[in-house]
Amino acid sequence: DIGFDISSGQLNNIITEGHGSFHDEKDAILEVGLSVSPYINVDDTTARHEGKNGYCTHIGNELFATFHSTDSKSRVNFLKILCAGRIEYTINATALSYMMSQNLAQEPLSSITTQLFKVFKNEASWNECLTSLGIDKELHIRIITEAALIGALVENGFNTEMVIVSDDAGQFNVLIHSLCWVHAERLINKLIGLTDEQKEAVASVRSDIWDLYTSLKEFKENPNEQKKAQIETKFDEIFTQKTCFATLNKALERIHRNRAELLRVLHFPDTPLHNNLSENDIREYVKRRKISGSTRNEAGRRCRDTFTSLKKTCRKLGISFWDYLKDRLSGYNELPFLPDLIKLKAKHVFS
């Protein structure tokens, strides 16, 4: 229609085939991004593939953004993504600690302890190990697998001081986890009082929460022990109070149970107080899902993830994505390797 004689199959090949160097650069972005960052923002959304609902997980911060489409959004899946292409299973002290924190039953715990300090290089050998030990209950397999993946991450040098910021989706609650204040406050914001007294109670609590939020922002700018203690006290005052509105009281109790995650910034001042960055980055997938439907094969799904990751990362690094594509496709490679730019910028952003 616009004067080009080209088949849809050829157009498909241009878009999805022969992009190994782009995939490699995207994989390196995640590996380097995780190694230099004190925190990451994470989120997920549905991303259809082959006519079925799948999921896309976003991992990033001010330096980079990567997208990973899979058929699952479980914690095991998230941990595999964090492995950045090096998926292994290791039973070590960290793994045992995780299993005990998840209240794993004594029998499977004793069985898996016999594999202490062993490393399983692939999923097949790991599944073979579980079968040989007689561990066959789905819950036990899930907990032990999560633990082994965490153990392997630690063993391979994963930054265990890095904070993972999310909107309270359960699969992201691993290692050092921090919650988004905006999502937490929505529990209060959506309440509708039936009487003037209940409406006033909701308004008063919301005002107190945003005053506390302002205090947290001030703490990030100037951390000190006195301010930290004041914020902790104020948090407990707000979220343990009893109002005239029973539903409001239950919402406050629920938020208070997440005290450690919501006050993570008091111990890691660099940590963002919300997850807006991740939500903004992943919005493109929501738009694409509404317009384009699903990818049809694995090559298409991988290219969708890769080029969205490269585009978003270029934007964060101040590089024109069009210039980046021309540079790489021409073979000139005059623009630096994006992971190298991430390392350089991290020294200024997180110094």
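This is a short chat about the pockets, cores, cavity and strands of a predicted model.

Trainee: What kind of model is this, and how are residues numbered?
Mentor: The model is predicted: local features need pLDDT of at least 70, side-chain atom pairs count only at pLDDT 80 or more, and totals for chains, interfaces and linings use all residues. Residues are numbered from 1 along each chain as its sequence is written, and side-chain values use heavy atoms, with hydrogens and water left out.

Trainee: How much space lies in the largest pocket?
Mentor: About 780 Å³. A pocket is an open set of points on a 1 Å grid over the protein atoms alone, with protein on both sides within 12 Å along at least five of seven lines. Points are joined across faces, edges and corners, and a volume is the space filled by probe spheres set on them.

Trainee: Which residues are closest to its centre?
Mentor: Ile15, Thr16, Arg288, Gly300 and Arg304, out of 25 that line the largest pocket. A lining residue has an atom within 4 Å of a point.

Trainee: And which elements give two or more residues to that lining?
Mentor: Helix 1 (8–16), helix 13 (276–292), helix 14 (298–316) and helix 15 (321–330). Helices (H or I, at least four residues) and strands (E, at least two) are DSSP runs numbered from the N terminus.

Trainee: What about the second largest pocket, what volume does it have?
Mentor: About 440 Å³. It has 19 lining residues, and Lys26, Asp27, His68, Thr70 and Ile81 lie nearest its centre. Helix 14 gives the largest share of that lining, five residues.

Trainee: New topic. How many cavities of 30 Å³ or more are there?
Mentor: One. A cavity is a set of grid points where a 1.4 Å probe fits but cannot get out. This one holds about 40 Å³.

Trainee: Which residues line it?
Mentor: Ala47, Arg48, Tyr285, Arg288, Arg289, Gly293 and Arg304. Helix 13 gives the largest share, three residues.

Trainee: Now the largest nonpolar core. How many residues?
Mentor: It has 60, and those with the most contacts inside it are Ile40, Ile59, Leu82, Met99, Trp126, Tyr324 and Leu338. A nonpolar core is a set of buried Ala, Val, Leu, Ile, Met, Phe, Trp, Tyr and Cys residues joined through side-chain atoms within 4.5 Å. Buried means under 20% relative accessible area, exposed over 50%, partly exposed in between (1.4 Å probe, protein chains only).

Trainee: What is leucine 338 in contact with?
Mentor: Leaving aside neighbours within four places in sequence, its contacts (heavy atoms within 4.5 Å) include Glu25, Ile29, Leu310, Tyr324 and Arg328. Apart from this core lies another, of 28 residues, among them Trp181, Val202, Phe219 and Phe245.

Trainee: Strands next. Which way do residues point in strand 7?
Mentor: Ile176 and Ser178 point one way, His177 and Leu179 the other, and all are buried. In a regular strand, side chains alternate between the two faces of the sheet.

Trainee: In what sense do strand 6 and strand 7 pair?
Mentor: Parallel, over four bridges. Strands pair if DSSP finds at least two bridges between them. Valine 165 has serine 178 of strand 7 as its bridge partner.

Trainee: Where does aspartate 168 lie?
Mentor: In the loop between strand 6 and strand 7. Its phi is positive, near 85°, and aspartate 168 is not a glycine. Most residues other than glycine have a negative phi.

Trainee: Is aspartate 168 buried or exposed?
Mentor: Aspartate 168 counts as partly exposed, at 36% relative accessibility.
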